[in-house]
Amino acid sequence: MAEAVISNARLGKMVFEPILEEGVFRFDCSADDRNAAFPSISFENAKVRDTPIVNVHKVPTYIPTFECVMGQQIVNMEFPPNTSFYGTGEVSGQLERTGKKIFTWNTDAWGYGAGTTSLYQSHPWVLVVLPDGEALGVLADTTRRCEIDLRNASNIKVISSSSYPVITFGPFASPTDVLVSLARAIGTIFMPPKWALGYHQCRWSYDSDARVREIAVTFREKSIPCDVIWMDIDYMDGFRCFTFNQERFPDPKSLADYLHQTGFKAIWMLDPGIKNEKGYHVYDSGTESDVWIQSADGEPFVGEVWPGPCVFPDFTQSRARSWWANLVKDFTSNGVDGIWNDMNEPAVFKTVTKTMPESNIHRGDTDLGGRQNHSHYHNVYGMLMAKSTHEGMSLANKQKRPFVLTRAGFVGSQRYAASWTGDNLSTWDHLHMSIPMVIQLGLSGQPLSGPDIGGYAGNATPKMFGRWMGVGAMFPFCRGHSETGTIDHEPWSFGQECEEVCRLALRRRYQILPLIYTLFYFAHTKGIPVATPSFFADPKNLELRSHENSFLLGPLLVYASTSKDQELYQMQHKLPKGIWLSFDFEDSHPDLPALYLKGGSIIPVGLAYQHVNEANPTDDLSLLVALDEHGKAEGFLYEDDGDGYEYNKGGYLLTTYVAEHQSSVVTVKVFKTEGSWKRPNRRLHVKLLLGEVAMISAWGIDGEVLQIQMPSDSELSYLVLASEKQCRIRRESAKRIPDSEVSGHKGTELSQTPVEMKSGDWILKVVPWIGGRIISMENLPSGTQWLHSRLDVNGYEEYSGVEYQSAGCSEEYSITERGVEHAGEVESLKLEGDIGGGIVLQRQIHVSKENPKVFRIDSAIVARSVGAGSGGFSRFPIQYIYFFPTVKSSFFLLLSSSHILYPNGFQARVLARPPNVQFITPC
């Protein structure tokens, strides 16, 4: 190792040793650093990372350099020009990550934006695609806060606390080969029960047994496919986990039985915060078992979450995980089919950091790292909670596959749980962003993910919701979810036109479920991702590497319009090289994605069931066939019981189908099979794609040879032209979703997307439906951007109300006035939020015409109709802002006196004063 010592800093090339398999290397700064590294939590078997393999003669193509200074280990890797970066886990913003910097620190990031640098999960992992299409992966195997800096082209810079190893995978021939190798290290996705791949309907909250039943009945009456209904925290007794509200959910088992009889599964939420209350059985048993995270003084840490003061299980201890798993085991006896772990970053209210103190103590197992403070285990807390929940469901019924959804996660979380992309917004930007976000998680080892379709916070419009459902129905995990206080977001909530688009979209999903389930079998057994970027079909195509409007499900390409003002069929569709044949299910619609099948592929298609359990193995099976330039095609179908573990004993059927064009005849047959399942006695419908949604078909018996006579050239041209015309007529005659807002309270029309104020030295983005917060503020002369919720990197945090939703307050404001060149101001935005009890918050954001370097936030509390017994003043809010730039900044904060208005003749003691705020940049 070439190492130099300069001013107490060490730097040089990292030393390496081969691990796991050919082409995988572990790098450390020195042999001493290798010995000092903490155990791996990301690897499925930590010993694999620490055990060199022998008789490997290959050496690394790229060797990272390091610098260790002031307790930080800085790693750099250089790559050739035109190298592209992907992965980095759950991240917002663009697909290709060059120019971005993120921080791996699990954060309750409600209302995040494209520039937010820390979300709910941490994946210190970069997928590197070289100019020639080869690829390699880089994993910084540390649980601690980690900076991944990709701002310099073709360079990866990683900064975290010393000492940690860097693991590289490849270069290998393709990005898929890298991800398969990664999966052999960190493990593959659990095999999901088939019902979990259907559509899920959720809301915060379906607040009663009766409302849940009403939702279930409506899905069936309207023939909209759905498999799962979710219960958010309001099913609990005072937000106490493992309890039920006896008024609203008096008999959860009876509710579950009803749902099961109508083809639904039931998923219930469990958070980590346990109410600090003697007599509450979960608190009492946890205290007796000594499972709580401790403060630095050795006492159980108490932090505020939904139930009020809470304690938190220390999932780094095996006894705490066992204690939790047994609670889950007992809980599932209520008819629980799956569990949703939320708030497990862990989120803590009324704190600037949104989480617990880093000085808190975890008494972790030795094989995880032993006793450490919270800064060491923070990023794996949610993953370890999901692991415990998964184990508890396994204990309850070993004949069923557990289903767990987790908000927080880490590299390796896919072994235990699915993921979603957190508390997104009902905006077109978030609709578009959902595609790269799902893809990035898949490229980081987590193939089972999806967004809250329609957006969680705010009110979707009919057109936005329909478009989002069209795309979301093609994602690996498909769930609609929305926040309390918003309008209803069920598929029928936006008018008949949108309802029909949602119905068509979900029927599509259920028809391709045989494909999706097959892809998950390969993800589970081999680590092949389910949803991938389009360039995976053409890795050398540099233009496709940043394309975000399409993605692949195996050989199926989904092409969508995610822009309000851009029609799908007015766009130029950028496709990978080769043959791509368009098709539909006689359902073409301007608001549904276009579908293409890669030449050389066969995909299985089923019937459009209302729920997964409606299917029967003897039902008709369809194969869509797209021949390549050689007149050949191949595809796969995986089948098993849809649940349980008989597939591990050979109880499955994996069929390889092939097709070949010879002498004007296309022959389709079974090439080979795996598994002990007997082939069902069923009809087979083969549809041979010809292009422009044209196809010819033939019926036969599955397992037997089937032949299709190809049309002549003239017949083929006629079929293609006729089909193209019919498809165009179908699209043009389709009932379009109206481009209108949903009727609602005053100001709704301006609350759907962030309001941009561009004036003077500033560009501000304001979200009225989130307490009127400014989610980003950019100073034009300096080029500096401040982002909400990023306290550690030129960010700020703002609280402005009394209802603690997520880690802050988010009462909805209406825009009451917006003026330009008004009253001496360049631009002004006035907002008002009614928080109940006769109390109204008023807020004005404005830029001075005389001094464009200053923008002001003026806040007022207005008591309009406070009377005796109203409780208004007992709920008086405080508005305050934390502004924490970590680099030297020219900005400073001024607080001026606030004003409070009262109704005439009303006398009251002032309990809180909101500040007026100015942000100023000097000359």
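How are helix 7 and helix 9 oriented to each other? In this predicted model, the axes of helix 7 (residues 318-331) and helix 9 (residues 381-396) come within 7 Å and cross at roughly 45 degrees. An angle from 35 to 65 degrees counts as oblique, and helix 7 and helix 9 are therefore oblique to each other. The crossing of the two helices is right-handed. On the side of helix 7, the contact is made by R321, W324, A325, N326, V328 and K329, while helix 9 contributes L384, M385, S388, T389, E391, G392, M393, L395 and A396.

Helix 9 also holds H390, a residue that is buried, with a relative accessible area of 13%. When residues up to four places away in sequence are not counted, H390 touches F190, P402, V404, R415 and Y416.

**The protein as a whole**

The protein has 923 residues, of which 64% are buried, and its secondary structure comprises 14 helices and 57 strands. Among contacts between residues at least 6 apart in sequence, 69% join residues at least 24 apart. The accessible surface comes to about 33400 Å², and carbon and sulfur atoms account for 48% of that surface.

**Nonpolar cores**

The largest nonpolar core has 179 residues, and the members that touch the most others are F169, Y235, W268, F403, F551 and L553. Helix 13 (residues 513-526) gives the most to this core, with nine residues. Apart from this core lies another, of 26 residues, which includes F25, Y62, F79 and F85.

The surroundings of F169 can be listed in some detail. Leaving aside neighbours within four places in sequence, F169 is in contact with L20, G23, V24, W125, A135, L136, G137, L139, V178, S181, L182 and A185.

**Backbone geometry**

Most residues other than glycine have a negative phi, and most peptide bonds are trans. The table gathers two peptide bonds and two residues that depart from this pattern.

| Site | Backbone feature | Value |
|---|---|---|
| S162 to S163 | cis peptide bond | omega near -10 degrees |
| G170 to P171 | cis peptide bond | omega about 15 degrees |
| L20 | positive phi, not a glycine | phi about 65 degrees |
| F242 | positive phi, not a glycine | phi near 70 degrees |

Of the residues that take part in the two cis bonds, S163 lies in the loop between strand 13 (155-161) and strand 14 (166-172), whereas P171 is found in strand 14.

Where do L20 and F242, the residues with positive phi, sit in the chain? L20 has its place in the loop between strand 3 (15-18) and strand 4 (24-28), and F242 belongs to the loop between strand 16 (228-231) and helix 5 (252-261).

Is each of these residues buried or partly exposed? L20 has a relative accessible area of 24%, and since the cut-off for a buried residue is under 20%, L20 is partly exposed. F242, with a relative accessible area of 9%, is buried. L20 is also one of the contacts of F169, a residue named above among the members of the largest nonpolar core that touch the most others.

Key
Residues numbered from 1 in each chain as written. Predicted model: local features only at pLDDT ≥ 70, side-chain atom pairs only at ≥ 80, totals over all residues. Heavy atoms only, no water. Core = buried A, V, L, I, M, F, W, Y, C linked by side-chain atoms within 4.5 Å. Buried < 20%, exposed > 50% of the residue type's maximum accessible area, 1.4 Å probe, protein only. Helix = DSSP H or I, 4+ residues; strand = E, 2+ residues; numbered from the N terminus. Contact = heavy atoms within 4.5 Å. Areas by Shrake-Rupley, 256 points an atom, 1.4 Å probe, with all protein chains shown as cover. Axes fitted to C-alpha atoms, helices over the stretch in contact; angles between N-to-C directions. Parallel < 35°, antiparallel > 145°, perpendicular 65-115°, else oblique. Left-handed = near helix turned anticlockwise from the far one by under 90°.
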